[in-house]
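Visitor: I am new to this structure and should be grateful for a close look at a single part of it. Please choose one place where two elements meet, and then show me what lies around it.

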Amino acid sequence: MKRTLLIIMLLWNILGGHDMMAQDWAGKTRYHQANLELQQGARDPQRIVLMGNSITEFWMDTHPQFFTDNHLVGRGISGQESYEMLARFRQDVIALSPRAVVINCGTNDIAENFCPYDEDITMDNIQSMTELALHNGINVVLSSVLPCSHFIWNRSVRNVPEKIQSLNARIQELAERLHLPYIDYYGSMVYNESGAINPAYSEDGVHPNATGYNVMERLLLDVLKTITTH
């Protein structure tokens, strides 16, 4: 029931929440109080920020203990595209002085939530977030867009699997070029040649369920073990 309500809220944000978004289009105030509390408290040298969209936001709600146990700070906002994440990156990542940031975005760019999709622009935004983090001494982990055959809120978007595969290839290439860890969620969660997410891992074909998040958690922890404290 809670997941259904969250998805309804996501759809409202996409389809009807533009007036509210105009006041804070990048969601910079969404985590303002939570960020202040972290900044005013004792610094956690093991802190890791997960920057993302609804997939990250729902993850926090589904498995909150996983975040607590592993020093993870979730900074996902439903419906966001990469340019919005870039705009709030300083507030929600750099200001928290984490050991590392895990960047997961691109789903909503491809879904054209607010802008026509341009793979080059999405990659520019991902590279800019990466460079900002590295410049500030923050380790970066890049991750793939999850598999999906179509978007339940925008069925007019065509060739979704092909667009995801193309973007993932470029994200992985960026990681290899900069010698950064890369998490291939896609390869472990895709169902078959259709490019859909394994139905055992999702109820709506886009967002992971608890089982899907279990898969992601194993992959994430394997990579985080390789990151040394700076």
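Guide: In this predicted model, let us take the place where helix α4, residues 54-62, meets helix α12, residues 210-224; their axes come within 11 Å and cross at roughly 100 degrees. An angle of 65 to 115 degrees counts as roughly perpendicular, and therefore α4 is described as roughly perpendicular to α12. On the side of α4, the residues that take part are Ser54, Ile55, Phe58, Trp59 and Thr62, while α12 brings Ala210, Tyr213, Met216, Glu217 and Leu220. By character, the residues of this contact comprise seven nonpolar, two polar and one charged.

From the crossing we may turn to the strands. The sheet is open and has five strands in the order β2-β1-β3-β4-β5, with parallel pairing. Its edges are formed by β2, residues 72-76, and β5, residues 182-183, each of which pairs on one side only. Between β1 and β2, which run parallel, there are five bridges. In this pair, Ile48 has Leu72 of β2 opposite. In general, the strands of a sheet pair through backbone hydrogen bonds, in either a parallel or an antiparallel manner.

The nonpolar interior comes next. The largest nonpolar core holds 36 residues, and those with the most contacts inside it are Phe89, Val101, Ile103, Leu142, Phe151 and Ile171. At least two residues of this core come from each of β1 (48-52), β3 (100-103), β4 (139-143), α9 (119-135) and α10 (160-177). The element that gives the most is α10, with six residues.

Val101 merits a closer view. Neighbours within four places in sequence being set aside, Val101 is in contact with Val49, Met51, Phe89, Val93, Ala133, Ile138, Asn139, Val140 and Val141. Apart from the core just described lies another, of 27 residues, which includes Phe67, Ile77, Ile197 and Tyr213. With Tyr213 we return to the starting point, since this residue is one of those that α12 brings to its contact with α4.

Finally, the chain as a whole may be considered. The protein chain contains 12 helices and five strands. Of its 230 residues, 51% are buried. Among contacts between residues at least 6 apart in sequence, 76% join residues at least 24 apart.

Methods: Residues are numbered from 1 along each chain as its sequence is written. This is a predicted model: local features need pLDDT of at least 70, side-chain atom pairs count only at pLDDT 80 or more; totals for chains, interfaces and linings use all residues. Side-chain values use heavy atoms; hydrogens and water are left out. Axes are lines fitted to C-alpha atoms, for helices over the stretch in contact, and angles run from 0 to 180 degrees between N-to-C directions. Helices (H or I, at least four residues) and strands (E, at least two) are DSSP runs, numbered from the N terminus. Angles under 35 degrees count as roughly parallel, over 145 as roughly antiparallel, 65 to 115 as roughly perpendicular and the rest as oblique. Contact means heavy atoms within 4.5 Å. Ala, Val, Leu, Ile, Met, Phe, Trp, Tyr, Cys and Pro count as nonpolar, Asp, Glu, Lys and Arg as charged, and the others, Gly among them, as polar. A nonpolar core is a set of buried Ala, Val, Leu, Ile, Met, Phe, Trp, Tyr and Cys residues joined through side-chain atoms within 4.5 Å. Buried means under 20% relative accessible area, exposed over 50%, partly exposed in between (1.4 Å probe, protein chains only). Two strands pair if DSSP finds at least two bridges between them.
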